[in-house]
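Hi everyone, thanks for coming. I have one structure to walk you through today, so let me put it on the screen.

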Amino acid sequence: GEEDKLFGSVTSQMVTDAIAEKGYTVDKKEIIIPDPIKHIGKYFVHVNLSPELEAKIKVKVIAQKD
């Protein structure tokens, strides 16, 4: 959209799918997105791997090329 704004927002399922493309398995319920991602850019999301283990990953949102 205009000014690098998305038509929707990035969901935990989208992050899960992107992780799966890299060969890893993560349940979408384990993905925590602190603030809605509605613009192109770089963001951090949290992955709860177990009650004692949380990872932070960088998500890069880019424009889709036609």
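Of the 66 residues of the protein chain, what percentage count as buried? The answer is 17%. Please keep in mind as we go that this is a predicted model.

Let's start with the overall layout. The protein chain has 1 helix and 5 strands, and if you read along the sequence you get the pattern β-α-β-β-β-β. Along the principal axes, the C-alpha atoms fill a box of roughly 40 × 25 × 15 Å. For those of you who like contact maps, take the contacts with a separation of 6 or more: 26% of them are between residues 24 or more positions apart.

Now the surface. About 5500 Å² of the protein chain is exposed, and carbon and sulfur atoms supply 52% of that area. As for charge, there are 10 positive and 11 negative side chains, and the centres of these two sets lie 4 Å apart.

On to the pockets. The largest one holds about 450 Å³ of space. It is lined by 20 residues, and the closest to its centre are Leu6, Val10, Met14, Val61 and Ile62. Which elements supply at least two residues each of that lining? They are strand S1, residues 5–10, helix H1, residues 12–21, and strand S5, residues 53–61. S1 gives the largest share of the lining, with 6 residues.

Let me zoom in on two residues, beginning with Thr16. You will find Thr16 in helix H1. Is Thr16 buried or exposed? Its relative accessibility is 10%, so Thr16 counts as buried, because the cut-off for buried is under 20%. If we set aside the neighbours within four places in sequence, the contacts of Thr16 are Val26, Asp27, Lys28 and Ile31.

The second residue is Ile62, which sits in the segment after S5. We have met Ile62 already, as one of the residues closest to the centre of the largest pocket. So where does Ile62 fall on the accessibility scale? With 60% relative accessibility, Ile62 counts as exposed, since exposed means over 50%. There is also a pairing to look at here: Ile62 and Ile40 are 22 residues apart in sequence, yet their C-alpha atoms are 5.5 Å apart in space.

To recap those two residues, Thr16 counts as buried, whereas Ile62 counts as exposed. That's my tour, and I'm happy to rotate the view for anyone who wants another look.

Notes: Residues numbered from 1 in each chain as written. Predicted model: local features only at pLDDT ≥ 70, side-chain atom pairs only at ≥ 80, totals over all residues. Heavy atoms only, no water. Helix = DSSP H or I, 4+ residues; strand = E, 2+ residues; numbered from the N terminus. Buried < 20%, exposed > 50% of the residue type's maximum accessible area, 1.4 Å probe, protein only. Contact = heavy atoms within 4.5 Å. Areas by Shrake-Rupley, 256 points an atom, 1.4 Å probe, with all protein chains shown as cover. Lys, Arg positive; Asp, Glu negative; His and termini not counted. Charge placed at Lys NZ, Arg CZ, Asp CG, Glu CD. 1 Å grid on protein atoms, 1.4 Å probe; cavity = no way out; pocket = protein on both sides within 12 Å on 5 of 7 lines; lining within 4 Å. Points joined across faces, edges and corners; volume = space filled by probe spheres on them.
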